[in-house]
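The following exercises concern burial, strand pairing and charged side chains. Please attempt each task before reading its solution.

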Amino acid sequence: MRGLVWVAIFALLACGDDDGGTDAAVGGDSGTDTGADTGTDSGFDAGFDANFDADLPIERELAEYGEHAVGYATRQVTYERPDGEGERELELHIWYPAEASEGPRPRYPFRNSEVGTADGAPLDGPFPVIVFSHGHQGIPDVTTFLMEHFASHGWLALSPEHTGNTTPDGPERLTSIYYLRPRDVSESLTFMENLADDPLAGLVGTPAVISGHSFGGYTAYAVGGALYRDMLAEGCAADELSDPFCSEIDADAEAIFAGGLADDRFDLVIGMASGNIALFQNEGVAAIDVPVLQMVAEGDGNPPGAPGDDPYWAALNGAGDLRVNLIGGDHNSFTDICARVPGFLDCPDNDPLEEQVWLRAYTLAFVRARLFDDAEAAAFLADEPLDSRVEITAP
């Protein structure tokens with residue numbers, strides 16, 4: 001099955017989003033490794049010692065995996081579509097704090113876990129929650145370095161597979177996927193909240209964070225409270241919006257968008273290389289009333305020293321918002337792909353494992369500072385960046 005990963009890699013397409021960025025189509029199988037060889041591409045200790053130490057300086061503690069072992073499991077989620085088109089099914093990938101175990105390690109498409117245990121026994125919850133939305137033609141287990149990181153620090157991490165918008169599904173995008181993706185996120189959280197007679201029951205706590213990469217970044221903004229522009233159908237007729245979004249636009253679809261796709265259970269937004277801002281326009285993004293971490297990369301058209309040219313950042317107006325720009329980074333800096341296939345499509349000039357260190361540190365620091373009033377984390381965000389290739393912009 002691992003050979004399928006490489007077939008998918010070399011068949012990979014670069015599929016543009018509505019705002020000029022790209023989503024790399026990725027694919028492969030997830031499984032488990034039962035032997036001692038769990039792989040060396042995870043970036044677990046890139047730039048740091050691998051062992052957790054409660055007395056580490058804050059920047060190292062934020063960047064290293066935490067004190068908990070990590071469990072990994074999947075579940076099937078079924079819900080009624082909002083457009084009356086019947087049931088929708090998706091696979092939900094789940095990472096959680098677990099009891100230490102010598103069980104099989106999860107084997108992801110682009111890395112093998114060094115800290116996870118497949119179906120490991122969970123610790124008693126509840127835990128704060130982070131949900132990750134993958135990109136167009138993506139897969140849910142494509143940013144596992146970050147999902148495992150949060151789980152090791154005491155979080156429940158969820159990543160739904162956006163059925164119909166994954167690697168095997170091809171590049172086609174219809175209007176419906178733009179409202180189904182946010183609903184996938186909300187229904188996944190509801191599913192976990194309502195679990196009973198299941199080893200993973202009772203893990204959902206508060207607060208909750210919505211995150212996403214590329215098309216998943218759009219999804220995160222929609223779930224986080226961004227409002228859609230008025231008269232979407234007219235925007236399509238005037239060629240102001242893209243063909244994929246406009247492919248099935250009608251009065252029923254426009255009514256779903258007009259009603260909004262926000263979920264007020266989420267307390268913070270993390271967008272990574274987010275696209276599709278044309279659907280919201282500035283006023284719609286400004287409607288978000290929770291803290292937002294806007295993460296971008298130079299290779300996606302974000303040169304250093306020009307945060308005002310970033311349309312999402314220009315539209316945000318929250319005092320607690322923050323922008324992180326990876327200088328020398330690229331679109332897939334936010335995924336596992338580049339550490340496994342350096343120099344591949346939309347991969348950074350930087351060392352991908354170094355970038356993972358920065359991403360682990362800044363995402364965890366932001367949620368701690370904004371949601372838990374962690375003074376050390378807040379000071380870390382306000383201090384000099386970890387590296388000269390990390391550009392930090394505050395309001």
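A residue counts as buried when its relative accessible area is under 20%, and as exposed when that area is over 50%. The model examined here is predicted.

**Exercise 1.** Determine whether strand S12 (residues 292–297) is enclosed or open to the outside.

*Solution.* Step one is to count: 6 of the 6 residues of S12 are buried, so the strand is largely enclosed by the rest of the structure. Step two is to inspect each face. Val-292, Gln-294 and Val-296 are buried on one side, and Leu-293, Met-295 and Ala-297 are buried on the other. Step three is to identify a pairing strand: S11 (residues 268–272) pairs with S12 in the parallel sense over 4 bridges. Within this pairing, Met-272 stands opposite Met-295.

**Exercise 2.** Establish which parts of the chain are linked by the salt bridge between Arg-88 and Asp-184.

*Solution.* In this salt bridge, the closest N and O atoms are 2.8 Å apart. Arg-88 belongs to strand S5 and Asp-184 to helix H4 (residues 175–193), so the pair links distant parts of the chain, 96 residues apart. Both partners are buried.

**Exercise 3.** Decide whether Glu-85 is buried or exposed, and describe its setting.

*Solution.* The relative accessible area of Glu-85 is 58%. Because exposed means over 50%, Glu-85 is exposed. Glu-85 lies in the loop between strands S4 (69–80) and S5 (87–98). On the surface, Glu-85 gathers with Glu-172, Glu-248, Asp-250 and Asp-252 in a patch of negative charge.

Terms used:
Residues numbered from 1 in each chain as written. Predicted model: local features only at pLDDT ≥ 70, side-chain atom pairs only at ≥ 80, totals over all residues. Heavy atoms only, no water. Patch = residues over 30% accessible without salt bridge, like charges linked within 9 Å, V, L, I, M, F, W, Y side chains within 5 Å. Areas by Shrake-Rupley, 256 points an atom, 1.4 Å probe, with all protein chains shown as cover. Salt bridge = Lys/Arg side-chain N within 4 Å of Asp/Glu carboxyl O. Lys, Arg positive; Asp, Glu negative; His and termini not counted. Charge placed at Lys NZ, Arg CZ, Asp CG, Glu CD. Helix = DSSP H or I, 4+ residues; strand = E, 2+ residues; numbered from the N terminus. Buried < 20%, exposed > 50% of the residue type's maximum accessible area, 1.4 Å probe, protein only. Pairing = 2+ DSSP bridges.
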